[in-house]
Amino acid sequence: LFALMLLASGSAFAVDDSEVIQKLAPAWASLEEKTVALVGADYQKQVVDAAFASVAVSACPGLEYNSAEVDKRFAKLVAEKGGKTPEEQQTFTVKASTLYGAYLGLLIAESHLDTPAFCKYVDKVKAGKDGPKLFWTQK
């Protein structure tokens, strides 16, 4: 009954079609729309990848969150999309952080539906070249 909504290559990937996941689909779509509107599609993927990495580190053994990489990429996002004034950048930071937190919440919920299946999917992600694995290191 596990379903992971990972926005990869611009499309949502669902591991399972359970009724619970179908009920979450509108939340994922709404969150994606809001995030893309704020940061653009490329940065939206990085936001969800960083949130996925955070949840993977908490749920699955052998990983450490790479906060230095997250901080570096978030600073670049704010510099490029956050506006020119400190006030604009602060407002943008709050909005972007809120969206990141919403992704965390959805991913935490989905990871708890079936943690072993979630961690099995994380193992597949580990084999990839980019995506969430940019935001963790292996112990």
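Are Cys-60 and Cys-119 buried or exposed? Select the two residues to find out: Cys-60 is buried, and Cys-119 is buried as well, where buried stands for under 20% relative accessible area, exposed for over 50% and partly exposed for anything in between, with a 1.4 Å probe and protein chains only.

Before going further, note that the model is predicted, so that local features need pLDDT of at least 70 and side-chain atom pairs count only at pLDDT 80 or more, while totals for chains, interfaces and linings use all residues. Residues are numbered from 1 along each chain as its sequence is written, and side-chain values use heavy atoms, with hydrogens and water left out.

**The whole chain**

Colour the protein chain by secondary structure, and five helices and four strands appear; helices (H or I, at least four residues) and strands (E, at least two) are DSSP runs, numbered from the N terminus. Read from the N terminus on, the order of the elements is β-β-α-α-β-α-α-α-β. Of the 139 residues in the chain, 37% are buried. A contact means heavy atoms within 4.5 Å, and among contacts between residues at least 6 apart in sequence, 72% join residues at least 24 apart.

**The disulfide**

Return to the two cysteines and show their side chains: a disulfide, defined as a pair of cysteine sulfur atoms within 2.5 Å, joins Cys-60 to Cys-119 with an S to S distance of 2.1 Å. The structure holds one disulfide. Cys-60 lies in the loop between helix 2 and strand 3 whereas Cys-119 lies in helix 5, so the pair ties together parts that are 59 residues apart in sequence. The torsion about the S-S bond of Cys-60 and Cys-119 is about -95°, and the disulfide is therefore left-handed.

**The nonpolar cores**

Next, select Phe-52, Ala-56, Tyr-103, Phe-118, Val-122 and Trp-136, which have the most contacts inside the largest nonpolar core, a set of 26 residues. A nonpolar core is a set of buried Ala, Val, Leu, Ile, Met, Phe, Trp, Tyr and Cys residues joined through side-chain atoms within 4.5 Å. Helix 1, helix 2, helix 4 and helix 5 each supply at least two residues of this core, and the largest share, nine residues, comes from helix 2. Apart from this core lies another, of six residues, among them Tyr-43, Val-78, Phe-92 and Ala-96.

Centre the view on Tyr-103, which is found in helix 4 and is buried, with a relative accessible area of 0%. The C-alpha atoms of Tyr-103 and Leu-31 are separated by 7.6 Å, although the two residues are 72 apart along the chain.

Ala-96 also belongs to helix 4 and counts as buried at 4% relative accessibility. Leaving aside neighbours within four places in sequence, Ala-96 is in contact with Leu-38 and Phe-74. Measure from Ala-96 to Val-39, 57 residues away in sequence, and the C-alpha atoms are 7.8 Å apart. Val-39 has its place in helix 1 and, at 2% relative accessibility, counts as buried too; with neighbours within four places in sequence set aside, Val-39 is in contact with Gln-44, Leu-77, Lys-81 and Phe-92.

**Helix 3, face by face**

Now select residues 67-81, which form helix 3: at 1.5 Å a residue, its 15 residues should span 21 Å (1.5 Å times one less than the number of residues), and its end C-alpha atoms are 20 Å apart, which agrees. Within helix 3, Glu-69, Val-70, Leu-77 and Val-78 are buried. Seen down the helix axis, the buried residues fall within an arc of 165° (taken from the directions from the axis to the C-beta atoms), so they line one face of helix 3. These buried residues pack against helix 1 (19-39), helix 2 (41-59), strand 3 (63-65) and helix 4 (86-113). Turn to the other side of helix 3, and Ala-68, Asp-71, Lys-72 and Ala-79 are exposed. Helix 3 is followed by Gly-83, whose phi is positive, near 100°.

**Last stop: Lys-126**

Finally, select Lys-126, which is in helix 5 (residues 115-126). Its side chain is joined to that of Asp-123 by a polar contact of 3.2 Å; a polar contact is a pair of N or O atoms within 3.5 Å, where, within protein, one must be able to donate a hydrogen and the other to accept it, and residues adjacent in sequence count only if both atoms are side-chain atoms. Not counting residues up to four places away in sequence, Lys-126 touches Pro-61, Leu-63, Lys-133, Trp-136 and Gln-138. Lys-126 and Trp-136 are ten residues apart in sequence and 9.5 Å apart in space, C-alpha to C-alpha.
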